Amino acid sequence: MGILKPITEWATSPWGQNVPIHIAWFLIWVAALAGLLFLIVHSIYVRYFAKREEFAGSAPTTLAAVLPKQIPRHSLAARLFHWIMAGAMFTLLVTAFLPKVGVRFDWVTYHWIAGTVLTVSIIFHIIHASFWLDFWAIWPDKADLVDALRRVRRFMGRPAPPPRRFAKYPLENKLYHGAIIATGLSAIGTGVFMLFRVRTIFFTRNPYLFSDMTWGMMYVLHGLAGVGLIGLVMVHVYFAVRPEKLDITKSMIFGSMRREFYLTHYDPQRWRVEASGSPSRSEGD
Amino acid sequence: MSRRVAEPNKAAEPQYGAGYKLIGKNYTTADLYAKVTGKAKYAEDYRAEGMLFCKLLLSPLPHARVKRVDVSKALAMPGVRAILTADDLPAPADTLTDNGTVIKASKWGERGLTMEPLYQGEPILAVAAVDELTAAEAIERIHIDFERLPFAVDPLDTLRPGGPNPRTDGNIWSTPQGGVAPVVAELKWTDADFDEARYGRLPMGKTPDEWSYGDLDAGFKNAALVLDETFVTPDVSHQTLEPRSAMAYWQNGKVYLHTGTQSTAQTRPAIARWLNMDAEKVVFISEYTGGGFGSKITGGVTMIIPALLSKKANAPVMMRISREEETFIGRARPGFQGRMKVGFSKEGRILALDMFVISDNGPYDAQGDAPTSGHMVSLLYQPQAMRWRGVTVLTNTPPRSAQSSPGGLQGTAITEPIIAKAARKLGVDQVAIRYINCPEGKALYGPPVQGKLQHATSAFLKEALQRGAEQFKWREKVARSPKRIGSKVRGVGVSLSCYVGGTTGFDGLLVITPDGRVRFQSGIGNLGTESVIDVHRAAAEVLGVPWEKCDVVWGDTSKHLPFTCVSGGSQTTHAMTRAAHAVAMDAKQKLQEIAAKSLDGKPEDYAVANERVFRKGHGSGMTFAQAAKRAIELGGKYDGHEAPTDVNKATKASVAALAGQGLVAAARDNYPRDGMTHSYVASFAEIEVDVETGKYYIVDFLAYADVGTVIHPRALGGQVLGRSTLGIGHAIGQKWVFDPHYGEMVSKRFHHNRPPTILDVPVNMQWAALDIPDPETPVGARGIGEPPVGGGCASILNALSDALGDEVFRRAPVNADTILTSLEAGRPMQHPLIAHI
Amino acid sequence: MPAFELFQPNSIADAQKLLQQHGADAWIMAGGLDSFDWLKDRIKRPKAVVDLSGIGELKGVRVSGDGIEIGAMTTLTEVVKHPVIREKYSLLAEGAELAASPQIRNQGTIGGNVSQDTRCWYYRGGWPCYRAGGNICYADTPTGRNREHAILHAERCVAVNPSDSAPALIALDAKFVLRTPKGERIVDAEDYFIGPDIDITRLHILKPGDLLTAIRIPSTWAGARFYFEKVRDRNVWDFALLNVASAMHVSGNTIESIRLSVNGAAARPLRLRAVENAVRGKPATTATGEMAGRLAVQGAVPLQFNAYKIPLMRNLVKRAIGGVEEAKWAS
Amino acid sequence: MADTADLRIIEDTPKAVSRRRFIKGVIAGGAAVSSANYLFRASVLLGQIPGAGERLITIHINGQQRRVDVMKQETLAWTLRYKLGLTGTKLGCDRAECGACTVLIDDVPHYSCSVLTHTVRAQKVVTIEGLANADGTLHPVQQGIIDEQGFQCAFCMSGFIMATVGFLKTNPSPTRSELAHGISGNLCRCQDYDKILTAMMRGAENLRRANRVS
């Protein structure tokens with residue numbers, strides 16, 4: 001509890017007990033600044049320090065012939081999910097934090113509706129990813145770690161073989177997905193219970209579902225996850241607009257990426273794309 | 001919007017006391033000048049050199065155990081002098097009654113401070129500091145760890161199967177077979193019992209107490225009409241305008257205590273008991289008390305806090321009680337959840353009455369409201385057969401105490417609406433149905449003692465009812481048409497009401513001083529009813545001494561007061577006029593003896609009148625002044641060097657202290673009495689209700705009292721109408737409200753608990769008294785404090801149902817919310833059983 | 001009462017400087033009758049109290065051709081007794097006269113009356129509810145005691161606005177004059193008040209540093225047909241369960257124009273525009289009133305103990321339009 | 001207001017407010033409240049600006065000028081009862097609800113529990129102790145109570161009397177109902193309202209008679 005004190009606001013319950021009521025709102029600015037700092041540092045790094053990307057071996061030119069010009073990457077369903085989720089996420093952040101920084105409007109309704117949309121879309125995503133997609137494609141594997149190590153050593157000028165090309169998702173991508181899972185799920189998990197405190201179409205209100213202390217902790221967790229998402233979303237948007245990543249961004253819109261980009265960055269062994277354009281089993285997300 | 005009510009001229013004051021010089025006559029009481037000039041000193045008006053201020057730390061929890069108290073930060077503050085916790089309280093002492101029996105101190109008793117708070121707002125500790133601001137800030141620096149315990153604020157919750165117990169060892173008070181003092185026990189009802197609640201009817205599980213007489217079943221069988229109703233009455237704080245603030249200091253081993261009380265004489269031993277010290281070492285000062293209504297019968301146990309703090313801090317301590325604190329520790333009337341089944345003959349005579357009550361007692365001492373309600377209903381409506389069942393339930397709500405007409409109000413409030421409903425169903429006039437059920441003469445009542453019903457000393461209520469109906473123009477009002485104009489409907493209601501009206505066996509004490517004045521020593525508390533002074537007019541009347549030659553000493557135990565009844569339960573006027581009469585006879589006897597000794601002849605040859613004792617026939621004799629001087633010369637019993645053997649030890653001590661000051665007369669009231677003294681009132685009300693807003697006004701009210709001989713008309717009128725209005729408050733809005741989830745009171749402000757204002761009562765209220773002496777007491781006077789209360793409440797409820805129909809109410813108070821929702825739905829819409837809403 | 005620094009500026013400018021300096025630590029005191037509760041109960045602990053009673057410019061009623069201007073620090077008694085208000089704007093006099101008690105009206109100001117905080121007993125009891133910055137409404141729970149709470153526009157918080165003069169001012173189309181750090185700002189009476197959906201911690205739009213300096217009543221509704229009614233439990237010193245205020249221009253018996261406001265039903269005094277539109281052009285009769293009443297309570301959501309407010313509001317709106325029959329009995 | 005003086009002196013300087021603030025700040029807090037860093041600066045200025053000794057003020061009570069040391073958060077009721085020994089003014093609720101503390105400020109009834117003493121420096125305060133003549137002759141309204149044996153416990157009485165005296169200044173010959181409205185800001189828990197009204201009506205009559213005579 002001690003560590004919580006500086007980052008939370010507390011009140012005296014009707015029973016005279018000290019209970020947390022929500023996070024300290026200055027954390028909103030802390031998260032925003034952290035996000036900003038990251039992208040400044042990163043862009044400087046890329047501009048001045050980053051070495052040209054090298055991969056072990058050379059792009060298999062033979063493949064170029066058989067592969068279609070556009071390499072399918074994200075199915076329509078996957079893209080729809082991504083953008084719905086993005087929309088919901090933005091709505092949630094805006095409705096949650098603008099009022100806290102002084103922009104007054106009727107936010108609660110939008111907030112819980114957006115929250116519901118997000119929850120549903122994520123449930124869809126989990127089912128979709130588990131049964132129709134390559135569930136493991138998004139989780140780091142041994143190769144990712146070995147290559148990560150190599151990159152670091154090479155960056156520090158130590159001798160190391162060049163890393164292999166990426167599988168469908170580079171490690172950074174996988175880690176980010178992990179972070180989103182952590183923050184997103186804690187925000188949703190707590191948010192679902194919070195629906196009991198406002199008038200919704202789902203169930204009769206019962207603010208006394210938990211003790212004052214439990215509720216307080218829930219609000220704090222919800223808030224921490226919320227501000228965490230501010231930073232994560234900033235970082236996500238930043239990468240989406242970086243020139244060298246535009247191909248990936250486009251693929252989230254149009255579904256496919258240029259063959260050249262595919263061949264230079266991805267290892268056909270690790271992200272198999274069937275010749276003649278017909279999508280392989282590892283298609284999609 | 002000012003009240004659209006016609007303004008009749010104030011009726012001429014009735015005349016009383018035919019044949020008397022003082023009794024029944026108006027006069028100006030000796031304490032009034034000090035009151036109007038602001039010189040009258042109440043407890044908080046006293047100051048002492050180096051006086052500290054004290055603040056209380058109140059429990060935030062409805063039921064908990066204090067695990068740890070950390071006062072270090074508070075004690076470290078400059079200006080903080082002492083902190084008092086429950087550990088500093090002396091062990092509660094046993095009580096030695098006057099007949100010598102010892103009553104063991106109850107282990108469940110309230111002690112002023114506690115380590116196991118039983119209601120939110122109960123004092124846990126007290127801080128004394130140089131000023132109140134410092135004390136308040138010190139309180140905020142104290143840290144307490146609590147262990148939360150189960151709690152219940154609604155009696156039904158704790159009676160449910162598996163319901164929480166308000167005290168760790170139980171949830172009800174129950175008197176074991178042959179036991180004297182009640183004990184805390186556990187009582188749970190069955191789910192089957194609670195089925196009733198689903199129909200909005202009060203569950204009636206087993207109760208620890210029950211009595212009955214007559215053939216109940218036959219009564220119901222022969223009844224032309226049987227009604228079975230559930231009714232909830234409110235818990236109402238006394239809210240005396242003067243909070244129970246207290247100031248104390250120590251001098252030469254004696255504690256000097258200032259606070260409000262309903263009995264100067266009997267508060268002193270109470271303090272001695274709470275402090276576990278000798279009463280001789282207690283000096284109690286209470287010349288003026290800002291209202292009691294039962295909440296200050298012997299002051300309040302919290303008054304020992306400044307006393308003990310003052311000892312600890314070695315400086316005088318003033319404990320100012322805030323209004324919010326008063327709402328917690330200031331006592332309240334137990335609310336009832338009641339159910340009653342009544343069988344009526346076709347004329348409206350009550351053949352059988354089956355009464356069931358749950359009394360919400362709060363966490364501490366057992367209150368008599370539940371049993372008393374049965375006793376009053378039995379006397380007031382004379383049912384041919386009756387059964388009473390009741391349970392006094394503990395809850396984690398502020399402590400209760402007697403409040404004007406304890407049990408009487410609740411009993412009347414539950415019974416009267418049923419009688420009113422019966423009259424409508426049977427087509428009998430409301431006054432008529434009460435007339436045929438009305439007590440008369442030495443009326444019988446339950447509970448039976450050794451199989452025999454008890455009886456009253458007298459009852460002339462039928463006459464009061466008749467005369468009242470005439471004065472109130474009952475027939476005209478009933479016949480008035482239309483009853484409704486636009487959205488306004490008028491309704492009239494009548495109610496009977498009664499209560500115990502007096503006790504016996506107390507002492508009178510007076511001194512005839514050498515300067516020829518008569519000084520009455522009065523141990524009565526001065527609450528403003530003026531009985532503290534009024535009762536001595538009876539003695540002056542007997543002695544034939546003009547009132548200008550009389551003085552009354554009161555309000556300070558260092559001024560040698562006699563053993564006196566507490567001013568509660570309407571005892572005073574009856575008990576103390578008897579004592580006054582007795583002491584006047586003793587003085588007369590002594591005057592005659594002194595005259596006979598000093599002049600010649602036998603005592604009985606002498607008469608007493610016009611401040612002289614003189615030989616019958618021709619006027620030779622002596623003045624009171626001469627007699628007083630003679631008394632001092634004679635000594636012995638004449639000047640107080642010998643006290644009568646039968647007076648109380650407290651009186652004996654006072655006599656000894658007064659010895660030598662003049663002719664000292666002291667006597668115990670040994671007059672016989674056949675039956676229990678009760679007083680009665682017939683109450684009439686007319687209301688005007690707006691069916692579109694649910695708002696109603698009381699447009700006319702009359703209370704006609706049967707209180708025996710009238711002693712002081714204006715004081716009596718104040719009591720009759722004042723206590724009536726206390727009852728009216730229960731009908732029109734007074735209540736308290738609890739949040740059941742946290743067990744905390746939310747109605748802590750006057751605009752929440754709503755004591756009636758001057759605009760809530762008619763601009764002209766009427767009262768009258770029969771002035772028929774009670775045959776069982778020498779002066780004929782009975783008490784009046786409680787009797788009008790029930791009638792005040794029930795006459796309003798009856799007027800409302802006359803205007804709006806029977807099916808509206810299931811609880812009091814009745815306000816716009818109830819009226820509107822019920823009229824909307826055409827059926828009762830009140831939550832029939834929930835307490836504290 | 002906890003100690004505080006007391007400032008007694010005698011000009012609006014000075015008051016503003018003080019408020020800006022102390023920002024959140026400052027507390028504005030007008031008549032003080034709402035303030036003292038907070039301070040004495042030790043719930044609010046301002047470091048600096050700015051007492052406006054010394055500012056002459058804020059006091060008094062100024063009559064002009066096109067209406068009147070009432071200084072925010074004018075006491076309710078002055079408002080009630082003012083001849084012009086009694087003659088032309090009696091609606092306001094009636095509302096103000098029903099507030100609290102004589103002593104309070106002698107000290108309480110019109111500015112304070114419209115700016116006072118809600119009397120929800122949970123919030124005023126210092127419970128950490130939404131309005132107090134917390135995360136719950138104690139009144140709107142399955143067991144909450146909410147007889148005096150809101151039936152309309154409740155959003156998490158179900159507190160109601162306690163003002164008696166506010167609905168009258170809305171019906172009279174009054175304008176509130178605000179002095180903000182940015183300068184003077186004038187808002188319609190109804191826009192001065194906000195609900196929990198917009199800001200759950202305040203009943204009005206004043207931000208720290210802002211002052212309500214005056215209330216202007218245009219002559220538009222001078223001498224119109226007025227109706228005011230307040231329903232309360234006690235006949236003095238009690239807050240409204242509901243109150244209603246209406247101003248109508250009636251020709252023949254046809255309602256040409258009308259403004260109608262109800263308070264005690266929501267966190268802000270409501271102006272019933274829909275009702276106004278529905279009755280315009282209709283006869284000022286009970287029938288029209290009944291229609292208006294039904295319309296007024298559309299969308300009302302009762303809590304466990306305040307369902308009575310729905311018929312009450314319906315009937316009050318009905319009377320505000322159709323009037324009420326005087327009942328006179330012999331005796 | 002008393003601080004017009006120092007206002008005039010420093011009004012034109014932009015620091016006006018801030019300087020006045022810390023001076024009052026230092027004094028107002030009394031105990032530990034006001035921030036210590038002001039102290040030094042204050043001590044420099046204390047002598048210079050009039051009104052610096054602010055806590056010691058003069059108030060006009062019952063026709064007398066009384067010098068008294070008053071904390072900034074102190075209510076008039078407290079000053080009367082605990083600083084000036086005028087205990088006839090009672091505290092029944094200390095929340096402006098019961099009226100027991102009613103006094104006249106410039107002839108107008110106020111709840112003295114809800115008035116800051118510092119705000120009445122320029123006004124005339126009359127309490128129950130200020131009604132009767134020096135020779136002990138009662139005010140006609142007080143006499144009315146004697147005549148009718150008004151009130152019971154009388155804890156509310158001084159408040160009721162002050163409210164009545166104040167009301168009669170605006171309406172010398174009220175009906176019973178008008179008077180009831182005029183004094184409706186006072187609670188009597190003995191609920192002796194009928195007798196109170198009768199006594200006060202008698203008082204109004206006494207007052208009218210007295211005024212006719214004089």
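Select C:Trp127 and C:Tyr138 to begin: both residues are buried. Keep in mind that everything on this tour belongs to a predicted model.

**Stop 1: a ring pair in chain C**

Show the two side chains as sticks. The whole structure holds 48 aromatic pairs over all chains, and this is one of them: C:Trp127 and C:Tyr138 meet edge-to-face, with 4.9 Å from centre to centre and 85° between the planes. Both residues sit in the loop between helix 8 (121-124) and helix 9 (165-171) of chain C, so the pair ties together parts that are 11 residues apart in sequence.

Now add some neighbours from other chains. Which residues do ring pairs link into a cluster with C:Trp127 and C:Tyr138? Select C:Tyr122, then A:Trp15 and A:Tyr208, then B:Phe151 and B:Tyr742, and you have the rest of the cluster.

**Stop 2: chain A and a helix crossing**

Hide the other chains for a moment and colour chain A by secondary structure. You should find 9 helices and 4 strands, running β-β-α-α-β-α-α-α-α-α-α-β-α from the N terminus on. The C-alpha atoms of chain A fill a box of roughly 75 × 45 × 35 Å along the principal axes. Of the 285 residues in chain A, 43% are buried. Take the contacts in chain A between residues at least 6 apart in sequence, and 69% of them join residues at least 24 apart.

Next, pick out helix 3 (residues 76-97) and helix 8 (residues 246-254) of chain A: their axes come within 8 Å and cross at roughly 105°. That angle makes helix 3 of chain A roughly perpendicular to helix 8 of chain A. To see the contact itself, show A:Arg79, A:His82 and A:Trp83 on the helix 3 side, and A:Ser251, A:Met252, A:Ile253 and A:Phe254 on the helix 8 side. Sorted by class, the contact between helix 3 and helix 8 of chain A has 4 nonpolar, 2 polar and 1 charged residues.

**Stop 3: helix 22 of chain B**

Bring chain B back and go to helix 22 (816-825). Is helix 22 of chain B largely enclosed or open? With 7 of its 10 residues buried, helix 22 of chain B is largely enclosed by the rest of the structure. The buried residues run through B:Ala816, B:Asp817, B:Thr818, B:Ile819, B:Leu820, B:Thr821 and B:Ser822. Turn on their surroundings: they pack against strand 32 (678-690), strand 33 (696-706) and helix 21 of chain B, together with helix 13 (309-322) of chain C. Step off the end of helix 22 of chain B and you reach B:Gly826, whose phi is positive, near 70°.

Now click on B:Leu804, which is found in helix 21 of chain B. B:Leu804 counts as buried, at 14% relative accessibility. Leaving aside neighbours within four places in sequence, B:Leu804 is in contact with B:Val689, B:Val691, B:Phe809, B:Ile819 and B:Leu823. Draw a C-alpha to C-alpha distance from B:Leu804 to B:Ile819: they are 15 residues apart in sequence and 8.4 Å apart in space.

**Stop 4: backbone oddities**

Stay with chain B for two cis peptide bonds. One runs from B:Ala812 to B:Pro813, with omega near 0°, and B:Pro813 is in the loop between helix 21 (787-804) and helix 22 of chain B. Another joins B:Ser481 and B:Pro482, with omega about 0°; look for B:Pro482 in the loop between helix 14 (474-479) and strand 23 (484-485) of chain B.

Then jump to C:Trp237, a non-glycine with a positive phi of about 45°. C:Trp237 is in the loop between strand 9 (225-231) and strand 10 (242-251) of chain C and is buried, with a relative accessible area of 7%. In chain D, select D:Asn62, also not a glycine, whose positive phi is about 50°. D:Asn62 lies in the loop between strand 1 (56-61) and strand 2 (64-69) of chain D, and at 23% relative accessibility D:Asn62 counts as partly exposed.

**Stop 5: charges over rings**

Zoom in on B:Lys41: its charged end sits over the ring of B:Tyr46, 5.5 Å from the ring centre. For another case, try C:Lys40, whose charged end is over the ring of C:Phe36, 5.5 Å from the centre.

**Last stop: how the chains touch**

Zoom out and colour by chain. Which chains share the most contacts? Of the 5 pairs of chains that touch, it is chains B and D. Chain A and chain D have no contact, and their closest C-alpha atoms lie 22 Å apart.

Conventions. Residues are numbered from 1 along each chain as its sequence is written. Chains are lettered from A and ligands numbered from 1 in the order in which they are written. This is a predicted model: local features need pLDDT of at least 70, side-chain atom pairs count only at pLDDT 80 or more; totals for chains, interfaces and linings use all residues. Side-chain values use heavy atoms; hydrogens and water are left out. Axes are lines fitted to C-alpha atoms, for helices over the stretch in contact, and angles run from 0 to 180 degrees between N-to-C directions. Helices (H or I, at least four residues) and strands (E, at least two) are DSSP runs, numbered from the N terminus. Angles under 35 degrees count as roughly parallel, over 145 as roughly antiparallel, 65 to 115 as roughly perpendicular and the rest as oblique. Contact means heavy atoms within 4.5 Å. Ala, Val, Leu, Ile, Met, Phe, Trp, Tyr, Cys and Pro count as nonpolar, Asp, Glu, Lys and Arg as charged, and the others, Gly among them, as polar. Rings of Phe, Tyr and Trp (its six-membered ring) pair if their centres lie within 6.5 Å; planes under 30 degrees apart count as stacked, over 60 as edge-to-face and the rest as tilted. Buried means under 20% relative accessible area, exposed over 50%, partly exposed in between (1.4 Å probe, protein chains only). A charge sits over a ring if NZ of Lys or CZ of Arg is within 6 Å of the ring centre and within 35 degrees of the ring normal.
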